[in-house]
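User: Could you pick one part of this model and walk me through it up close? I'm new to this, so please explain the terms as you go, and then show me how that part fits with the rest.

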Amino acid sequence: MPVVLDLYNMQGDKISTIDANEAVFGIEPNKSVLHEVLVAELAEARQGTHATKTRGMVRGGGRKPFKQKGTGRARQGSSRAPHMVGGGVALGPQPKSYEKKVNKKVRLLALKSALSEKVKEGNVIVVDEFKIETPKTKTIIGFLDKVGAANKQLFILNDLASDNDWNTYLSARNLENAMILQPNEVGVYWLLKQDKVIVTKEALKSIEEVLA
């Protein structure tokens with residue numbers, strides 16, 4: 001059986017219902033898979049550009065700092081050794097990728113689990129469409145107040161190349177805790193982080209086409 005979701009207009013009034021694919025929005029959430037994919041997404045978000053210079057990278061140090069014998073000091077071959085002031089760093093961090101390999105089917109299951117969890121909580125709001133001719137944040141705020149989604153929203157818009165979705169993006173991007181994504185950008189992290197998922201009817205169909 002399909003999952004039945006309420007359908008709202010741009011003013012925040014319930015106008016109808018819409019059937020959503022049960023295989024995407026009505027499964028039993030798999031917590032272990034959600035955790036695995038969330039950890040992978042957070043790891044992939046790390047830049048991994050941290051770096052320190054080894055003794056071979058530090059400029060200078062080619063000349064022996066002082067003669068081998070007769071000074072009473074320990075012999076030194078370079079002033080750029082790790083224990084010397086101005087020397088290189090031993091065993092310091094170097095650029096690396098933190099990416100974790102996750103099976104494609106596992107990622108899809110995690111997305112379905114996150115979406116199903118949101119539906120189970122009643123935190124998915126489907127909008128027929130946003131018709132915004134001139135970008136205006138006040139329009140979006142009025143809609144959010146009406147549907148009870150004042151904090152931490154995830155907007156899923158079908159295509160930012162279209163005028164309606166682009167103007168919606170421009171209207172919503174100034175909200176303090178809002179995130180705006182297209183269907184192909186949706187990940188487990190943002191689905192879990194944000195309280196309410198506001199998805200247009202067209203975007204809902206796109207998600208079903210990819211995940212079903």
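Analyst:
**A loop, and what it leads to**

Let's start at Lys 152, which sits in the loop between α4 and β4. Those names come from DSSP: runs of H or I with at least four residues are helices, runs of E with at least two are strands, and both are numbered from the N terminus. Before going on, keep in mind that this is a predicted model, where local features need pLDDT of at least 70 and side-chain atom pairs count only at pLDDT 80 or more, while totals for chains, interfaces and linings use all residues. Residues are numbered from 1 along each chain as its sequence is written, and side-chain values use heavy atoms, with hydrogens and water left out.

Back to Lys 152: its phi is positive, at about 50°, although it is not a glycine. Most residues other than glycine have a negative phi. Lys 152 has a relative accessibility of 29%, so it counts as partly exposed (under 20% is buried, over 50% is exposed and partly exposed is in between, using a 1.4 Å probe and protein chains only).

Now look at Ala 149, which also has its place in the loop between α4 (137–147) and β4 (153–156). Buried or exposed? Ala 149 is buried, with a relative accessible area of just 1%. Setting aside neighbours within four places in sequence, its contacts are Ile 125, Leu 144, Lys 196 and Ile 198 (contact means heavy atoms within 4.5 Å). For a sense of distance, the C-alpha atoms of Ala 149 and Leu 38 are 24 Å apart, with their positions 111 residues apart along the chain.

That brings us to the cores. A nonpolar core is a set of buried Ala, Val, Leu, Ile, Met, Phe, Trp, Tyr and Cys residues joined through side-chain atoms within 4.5 Å. The largest one here has 31 residues, and those with the most contacts inside it include Val 126, Ile 156 and Val 199. Helix α3 (residues 104–121) supplies the largest share of that core, 5 residues. Our Ala 149 belongs elsewhere: apart from the largest core there is another, of 18 residues, and Ala 149 is among them, along with Tyr 8, Ile 125 and Ile 132. As a general rule, nonpolar side chains tend to be buried together in soluble globular proteins.

You can follow a thread from here. Val 199 touches Val 124, Ile 125, Val 126, Val 127, Ile 156, Leu 204 and Ile 207, not counting residues within four places in sequence. Ile 156 turns up again with Gln 182, which touches Ile 156, Leu 157, Asn 158, Asp 159 and Leu 160, again leaving out residues up to four places away. Gln 182 lies in the loop between β5 (179–181) and α6, and it is buried, at 18% relative accessible area.

For another loop to set beside ours, try the one between α2 and α3, where you'll find Leu 91. Leu 91 also isn't a glycine and has a positive phi, of about 60°. With 89% relative accessible area, Leu 91 is exposed.

Helix α2 itself (residues 31–44) is worth a glance too. Its buried residues are Val 33, Leu 34, Val 37, Ala 40, Glu 41 and Ala 43, and what covers them includes α3 and α6 (188–193).

Finally, some charged pairs. A salt bridge puts a side-chain nitrogen of Lys or Arg within 4 Å of a carboxyl oxygen of Asp or Glu, and the structure holds 7 of them. One of them joins Glu 202 and Lys 205, whose closest N and O atoms are 3.9 Å apart. Both of these residues lie in helix α7 (residues 201–211), 3 residues apart, which is about one turn of the helix. Glu 202 is partly exposed at 42%, and Lys 205 is partly exposed at 39%. Another bridge links Glu 129 to Lys 131, with the closest N and O atoms 3.4 Å apart. Here Glu 129 is partly exposed, at 34%, whereas Lys 131 is exposed, at 53%.
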